[in-house]
Every structure is written in structure tokens, then in C-alpha cells.
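Biologist: I would like a close look at one part of this model. Please take a single helix pair and what follows it, and keep it brisk.

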Amino acid sequence: MNRILILLFLLFCIFKAKGQNTLIDSLAYKKTVKFKYESLIIPTVLIGYGVFGLENHSLTLLNESTQNEFKEHIDSKFTIDDFSQYSPFLSVYALNTFGNKGKNNFKDRTIILGTAYLIMGGTVNILKHTGNVERPDGSSKNSFPSGHTATAFMGAEFLYQEYKDVSVWYGISGYLVATGTGIFRMYNNRHWLTDVATGAGIGILSTKIAYWLYPFIKKSIFKDKEVTNGIAIPFYNGREFGLGVTITF
């Protein structure tokens, strides 16, 4: 349900947020992100490891030994990964809300995030429905890849891209949270190591693709310059974690 709410929010922002209040968010999208082949190395290696691990006996044994290590130290489950998966990309909106401006304005970053989310979500769901990999706890056969991990690393790369010119530590903190999310997916006996590695690769790659595509998306779809006031605020009501958004036309 949380995934559906987040996706609906992003789609709403993409098609409704046609500008921004300069008092709230004054940075304009000034330059494109150049395609660099070397930036594909890490996500490609992660995805390749996970895919290769589906059929490789040695990596399958590594999956099992990793889970056994976690089982030996598991006393109770911690569902923090259900929330931490969203925290990296929500941090971008929180930082902007409190005056710490990133690379892009509200409209631009929301379109980029929405594009990344659609790429990531579509890829993960297709693989889950075609992979037929049983979860470590035996609850279902849609273990591969880890959607929580993909969401977390998508957000970590988004946080890095938006704030790398401000401080690299923002990106590092996002990646630490994303890594923790992946570890907790294994700790909670929901995913194998190969699931988590592939999810991380998909998440990173989805955000990179979104930044590369955005200049074309903006030029071909979002041509108008109508100004819209908008603000996004993270919220937690004790049961659900998400974003509150106010947009005035």
C-alpha cells in the first residue's frame, strides 16, 4: 500500500507541478547530466552478480551460508526496512523544505524521481513475476529481486545527485541507509544476497537513467512555463510514512 501511495503522489506531482514558488525553491534546472559509461560499472556488476547467482552453484551456496549466519543471530524481526527504503529520497524533499537547496527545483526533481520510480518499479515487478525464486522464509516465490533494496538505492542515488555539489556526505549517508535496508531484508529472512545485490543495481541504474532522460522529457512533454507554488513535507502518523504535498495553481 505504501508503494502505491508513493507512486500516486509522484504521478500527481509530475502532471500537476508546472513550476515553483521562487521563495520556496529557487534553483533552476541549469544543466544536463552527461552520459558516462563508467557510471554503469557498479550497477551492472551488482545486477550481473544477482542474475548469475540464480544459476551458479557457488553463489547459491553463498546465499544459503549468508542466511544461516543471520539465522544464528536473529532473536526477533525488525521492520525498519519497511520505512528506511523511502528515507533517502524523502530526505531530498525534507532538506529543501528546511532551506537546504539541492540541484533542482521542486518540479524538476519530482519529474526525475517519478521517472526513476517508474523505471525501477516496472523492472522489479517484471523480474519478480518471471523469476520464480522462493523467499528464504518460504512465504512466496517472488524473492528476486529485492524491491525494498531497489527503492532505497534509487533514493540514495537521487540524494547523491541532488546534493553532491553541496556535500558528498549527503550521498554517503543515503547509501549507508540503503545498505542497511538491504541488510535488514536478509536479517528478516525475506531476501537472499543475490536479491539484494540486484535490487541495489536496479535502483542505482534507474536513477541514473532518469537524469539522463530528463532533458528529453522536459523538452518534449513539459514545455509550458506556468508558475505553480508547491511544498512537500515528509510525515509519519504512527502507522504510515510518506509525503504531504501542497500545490497552489
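Modeller: Here is the helix pair H7 and H8, then the loops on either side and a residue in the next helix.

This is a predicted model: local features need pLDDT of at least 70, side-chain atom pairs count only at pLDDT 80 or more, and totals for chains, interfaces and linings use all residues. Residues are numbered from 1 along each chain as its sequence is written, and side-chain values use heavy atoms, with hydrogens and water left out.

Start with the pair. H7 covers residues 147-163 and H8 covers residues 168-187. Helices here are DSSP runs (H or I, at least four residues), numbered from the N terminus. The two axes come within 8 Å and cross at roughly 175°. Axes are lines fitted to C-alpha atoms over the stretch in contact, and angles run from 0 to 180 degrees between N-to-C directions. H7 and H8 are therefore roughly antiparallel (over 145 degrees).

Now the contact (heavy atoms within 4.5 Å). On the H7 side, the residues include His148, Phe153, Glu157, Tyr160 and Tyr163. On the H8 side, they include Val168, Tyr175, Ala178, Gly182 and Arg185. The residues of this contact divide into 10 nonpolar, 8 polar and 2 charged. Ala, Val, Leu, Ile, Met, Phe, Trp, Tyr, Cys and Pro count as nonpolar, Asp, Glu, Lys and Arg as charged, and the others, Gly among them, as polar.

Next, H8 alone. It has 20 residues and reaches 29 Å from first C-alpha to last. That is close to the 28 Å expected at 1.5 Å a residue, where the expected span is 1.5 Å times one less than the number of residues. Its buried residues (under 20% relative accessible area, 1.4 Å probe, protein chains only) include Gly171, Gly174, Ala178 and Met186.

Then the loops. Ahead of H7, Pro145 sits in the loop between H6 and H7. A cis peptide bond joins Phe144 and Pro145, with omega about -5°. Just after H8, Asn189 takes a positive phi of about 65°, although Asn189 is not a glycine. Asn189 lies in the loop between H8 and H9 and is buried, at 15% relative accessible area.

Finally, Thr194 in helix H9, residues 193-220. Thr194 counts as buried at 1% relative accessibility. Its side chain makes a polar contact of 2.9 Å with that of Asn63. A polar contact is a pair of N or O atoms within 3.5 Å; within protein, one must be able to donate a hydrogen and the other to accept it, and residues adjacent in sequence count only if both atoms are side-chain atoms. Beyond its neighbours within four places in sequence, Thr194 also touches Phe144, the residue on the cis bond to Pro145.

Terms used: Helix = DSSP H or I, 4+ residues; strand = E, 2+ residues; numbered from the N terminus. Parallel < 35°, antiparallel > 145°, perpendicular 65-115°, else oblique. Buried < 20%, exposed > 50% of the residue type's maximum accessible area, 1.4 Å probe, protein only.
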